[in-house]
Amino acid sequence: MSASVPARTHWIGGTRTTGHTRWIDVVDPATEERLSVVPAGTAADADLAVAAAVRAFGHWSGVPLRERVDAVRAVAKGLAARQDEIAAAVTAEVGVPTVFSQRVQASLPVAVASGAAAVAEDFAWTEQIGRSTVFREPVGVVAAITPWNFPLHQAVAKVAPALLAGNTVVLKPSEIAPLTAMILAEVVRGAGVPDGVLNVVHGRGPEVGAALASHPVVDMVSFTGSTGAGRSVAALGARTVKRVALELGGKSANLVLPDADLLTAVRAGVANCFMNNGQMCWAWTRLLVPAALHDQAVEAAAEAAAAFTVGDPTLPGTRIGPLASAAQRDRVRGYIERGIADGARLAAGGPTPPDGLDRGYYVRPTVFAGVSPTAVIAQEEIFGPVLSVIPYSSEDEAVSIANGTRYGLGGAVFSADPDRALAVARRLRTGQVDINGAAFNEAAPFGGYRQSGNGRELGRFGLEEFCEVKSIQRSASG
Ligand code: NAD
């Protein structure tokens, strides 16, 4: 390894590891330059981290709730104190605009950690059912495997509730965006959490991720990532009957009803689809509009897309930075070419690189018109700034198109009639639906139907996910 960039290492039992010989480059997608390196972890590294988590479990699971709540509150404070550093790290490794990193990538984890602490304070840790007392207890050692698109948020959405419930954790961050995991480990230690309660192991999914998912001593895997990798994690976890919570991909629909304010709905839809450089699991990537309004909607979408300035994510005027990796750029461009080949009309963007950006993993924000609901670009998760406008002829058909993919993560309904919007939202087979552009609620359960996963994160539901349930029956005599 060259010494020209700072290396991150694993964090196991409160110690930075040494002696690694294989490394993974962490690359700035805007400059294509190496920012850092992390160890290419092995199954042996996963073993060490799991052993540290097992050792810490006996003590941590018995720490009074009050102390665990205080510790997670201190984590929230510690993250808040380092928000600028966190935002800079996420922009550097993922390529999302600095403004978005500051407003969302760095601040959401603070809200999620403090929200989880508040939920734990009021949580029904015990309840009485007849003669039985039901206790919520920690599941045990949790492997948390996270993606690169919201790297710190995804980690905190697992680590905070897991620790509050008394579990110990081995976190395997994405090898593409691993930088904030070490900041989290430092903050957790600074909050007084004992060594071994949170461990971080770096490496590639099929190696370290798979080792954790199949590990005989890991009790639970909480996985966020692609549906394909989630399927593999579930299969590995099944060998030892682990609890496996999956938060997977999406292909969400923005269903605009005929009575909606079309311009508002389209502009909000484009902004949602292109948020985080279009790399968002619940992004509304399919815009469903009444056939009679299709051309008007396409024109508005293309106009809105043109306002998304692509470029250096550290510049204040940039609204879309590079995609996170070369592989991601090639995949997204491949889908744009596929859309054209399958006969969709290109209304904005396209597969060629944006003008003047010959370095960095950039793609042009793209809008397709007249997309068939069964086309590849309307069925598969592209994970880039690509919007498909799909015409429909009736409300029933719109609902059927919205529900017509293998995914079921998010969605939106726009209508002037709140009752009609709610009725349509209830018909969507997805875990979240936002009506008329309602804001994200970090205390509401987040997760998917069907192949978007089986878990629920955030708020009370997110805490329940990390609890076992025990019933103790007592006889009438006590
Ligand atoms: P990915 O599936 O490639 O990787 C996610 C994590 O899993 C990484 O840490 C990776 O190293 C690991 N991994 C990969 N293959 C593995 C395997 N075979 N066994 C064990 N671990 C493995 O996903 P990504 O490219 O990092 O992230 C993008 C995907 O994540 C998209 O599909 C997106 O929709 C999804 N996502 C879902 C949510 C949600 O809450 N539902 C949130 C964010 C991202």
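Before looking at anything, I pinned down "buried": it means under 20% relative accessible area, with exposed over 50% and partly exposed in between (1.4 Å probe, protein chains only). I also noted that helices (H or I, at least four residues) and strands (E, at least two) are DSSP runs, numbered from the N terminus.

This is a predicted model, where local features need pLDDT of at least 70, side-chain atom pairs count only at pLDDT 80 or more, and totals for chains, interfaces and linings use all residues. Residues are numbered from 1 along each chain as its sequence is written, and side-chain values use heavy atoms, without hydrogens and water.

**Entry 1: strand β12**

I looked up β12 (residues 252-256) and found five of its five residues buried. In a regular strand, side chains alternate between the two faces of the sheet. On one side of β12 I listed Ser-252, Asn-254 and Val-256, on the other Ala-253 and Leu-255, and both faces are covered.

**Entry 2: its neighbours**

Which strands pair with β12? Pairing takes at least two DSSP bridges. β13 (residues 284-290) runs parallel to β12 and is joined to it by four bridges; Ala-253 sits opposite Arg-286 there. The chain gets from β12 to β13 through helix α10 (residues 262-274), in a right-handed β-α-β crossover. Right-handed means that, with the strands pointing away from the viewer, the path from the first strand over the helix to the second runs clockwise.

β17 (residues 411-414) also pairs with β12 in the parallel sense, over four bridges. In β17, Val-413 is the bridge partner of Leu-255.
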